[in-house]
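Student: Before I rely on any label in this structure, I would like to see each one set against the rule behind it. Could you take me through them?

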Amino acid sequence: MAHLMKNLKVPPNSTSREEARKRTFDFFRLACRSIPNIMEIYNLDDVVTPSQLRSTVASEIRKNAHVTNPKVIDMLLFKGMEELKNFVDHAKQRHHVIGQYVVGRKGLVQDLGPKDEGISNFLKNFYSSNYS
Amino acid sequence: MASSALRSSILRRIRIPVSQTLTLNGSTKLGSVRFMSSHDDHLDKEEVTARVLDVVKSFPKVDPAKVTPDVHFQKDLGLDSLDTVEVVMALEEEFKLEIPDKEADKIDSCPLAIEYVYNHPMAG
């Protein structure tokens with residue numbers, strides 16, 4: 001899994017749900033092991049702890065827990081890997097990390113609840129911020 | 001030439017008394033502690049247990065009152081598989097280890113975690 005970070009390319013499809021599940025855990029471990037590095041690059045020691053970031057990553061993964069199609073899981077993993085690589089390569093800026101993963105859960109990123117389903121697209125776009 | 005002459009003249013005057021070093025190494029006060037050695041600073045079992053339990057207790061979804069040295073993460077603490085991986089990663093961070101994936105998969109309870117960390121030569 002670690003070589004994917006250096007040279008990001010699409011891995012062969014998972015053959016079963018079990019394999020996709022294993023890849024998810026591998027990805028989570030890789031992300032967790034990158035956290036100290038990311039904290040260092042973006043100077044995050046005074047805003048967040050490694051364990052908070054770990055929980056955030058876990059909750060991002062858990063958001064997609066209902067997905068059962070291995071191909072979809074592969075696609076989501078690829079997107080996650082891409083995102084992780086962007087952070088590790090310093091392709092993002094500090095406010096991206098803080099906005100999406102530190103204050104994101106409470107403030108800037110809003111998951112639309114069931115009560116918001118009736119509102120117009122204009123309002124949905126208005127309420128949701130750039131971080132999504 | 002000048003430096004070698006200087007060296008030999010210095011070495012002739014600087015002597016470490018043999019008896020002193022012998023008592024230093026052999027004295028009971030220092031015991032078998034080998035300074036600058038990476039072999040003897042191994043963690044003892046109580047310390048490993050306490051630190052593992054601290055890590056598990058500090059996990060947000062865990063009720064600290066339920067944590068004892070022989071709980072199973074999923075059966076007793078109600079964690080799921082992703083939480084288990086998260087706990088194992090927290091342990092890696094705490095003890096400055098890198099647990100290989102195959103072995104990390106097997107760690108699913110406090111006794112196994114304590115056992116693994118205690119037997120790991122690099123745990124610190």
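Tutor: Accessible areas here come from the Shrake-Rupley method with a 1.4 Å probe. On that footing, the accessible surface of chain A comes to about 8300 Å², and carbon and sulfur atoms hold 54% of that surface. Please keep in mind throughout that this is a predicted model.

Student: What makes chain A a chain of helices, and how many strands are there in chain A?

Tutor: Chain A has 6 helices and 0 strands, and along the sequence the pattern reads α-α-α-α-α-α. Buried residues are 37% of the 132 residues in chain A. Among the contacts in chain A with a separation of 6 or more, 69% are between residues 24 or more positions apart.

Student: Why is the pair A:D26 and A:K22 called a salt bridge?

Tutor: The rule asks for a side-chain nitrogen of Lys or Arg within 4 Å of a carboxyl oxygen of Asp or Glu. The closest N and O atoms of A:D26 and A:K22 are 3.4 Å apart, and because the cut-off is 4 Å, the pair qualifies as a salt bridge. As for how the two come together, they are 4 residues apart in helix α2 (residues 17-41) of chain A, and therefore separated by about one helical turn.

Student: Why is A:D26 called buried, and what is A:K22 called?

Tutor: Buried means under 20% relative accessible area, exposed means over 50%, and partly exposed lies in between. A:D26 has 12% relative accessibility, so A:D26 counts as buried, whereas A:K22, at 48%, counts as partly exposed.

Student: How do you know that the salt bridge of B:D105 and A:R29 joins two chains?

Tutor: The helices settle that point, because B:D105 lies in helix α5 of chain B while A:R29 lies in helix α2 of chain A. The side chains meet at 2.6 Å, N to O, which is to be set against the cut-off of 4 Å. With 2% relative accessibility A:R29 counts as buried, and with 45% B:D105 counts as partly exposed.

Student: Which elements of chain B make up the side that touches chain A?

Tutor: The elements that give two or more residues to that side are α4 (81-95) and α5 (101-106) of chain B, and the largest share, 9 residues, comes from α4(B). By type, the residues of that side divide into 7 nonpolar, 1 polar and 9 charged.

Student: How many residues does the contact take from each chain, and what area is buried between chain B and chain A?

Tutor: The contact takes 17 residues from chain B and 14 residues from chain A. The area buried between the two chains is about 1400 Å², with carbon and sulfur atoms giving 51% of it. Of the area that chain B buries against chain A, B:L82, B:E86 and B:M89 supply 42%, more than any other three residues.

Student: How many salt bridges does the rule find across this interface?

Tutor: It finds 8 salt bridges across the interface of chain B and chain A, and a search of the whole structure finds 21 over all chains. Across the interface there are also 7 residue pairs in polar contact, both residues being at pLDDT 80 or more.

Student: What makes A:R94 and A:D46 a link between distant parts of the chain?

Tutor: A:R94 forms a salt bridge with A:D46, the closest N and O atoms being 3.6 Å apart. A:R94 is in helix α5 (residues 94-102) of chain A and A:D46 in the loop between α2 and α3 (50-63) of chain A, and the two are 48 residues apart. A:R94 has a relative accessible area of 34% and is therefore partly exposed, while A:D46, at 62%, is exposed. Elsewhere, salt bridges that share partners join A:K22, A:D26, A:R29, A:R33, B:E92, B:E98, B:D101 and B:D105 into one network.

Student: Why is B:R51 called buried, and which residue does its side chain join in a polar contact?

Tutor: B:R51, in helix α3 (residues 45-57) of chain B, has a relative accessible area of 17% and so counts as buried, the limit being under 20%. A polar contact of 2.9 Å joins the side chains of B:R51 and B:E94, which is within the 3.5 Å cut-off. Leaving aside residues up to four places away in sequence, B:R51 touches B:L43, B:E94, B:F95 and B:G124.

How values were computed
Residues numbered from 1 in each chain as written. Chains lettered and ligands numbered in written order. Predicted model: local features only at pLDDT ≥ 70, side-chain atom pairs only at ≥ 80, totals over all residues. Heavy atoms only, no water. Contact = heavy atoms within 4.5 Å. Buried area = accessible area lost by both parts, 1.4 Å probe. Polar contact = N/O pair within 3.5 Å; in protein donor to acceptor, adjacent residues only side chain to side chain. Nonpolar A, V, L, I, M, F, W, Y, C, P; charged D, E, K, R; others polar. Buried < 20%, exposed > 50% of the residue type's maximum accessible area, 1.4 Å probe, protein only.
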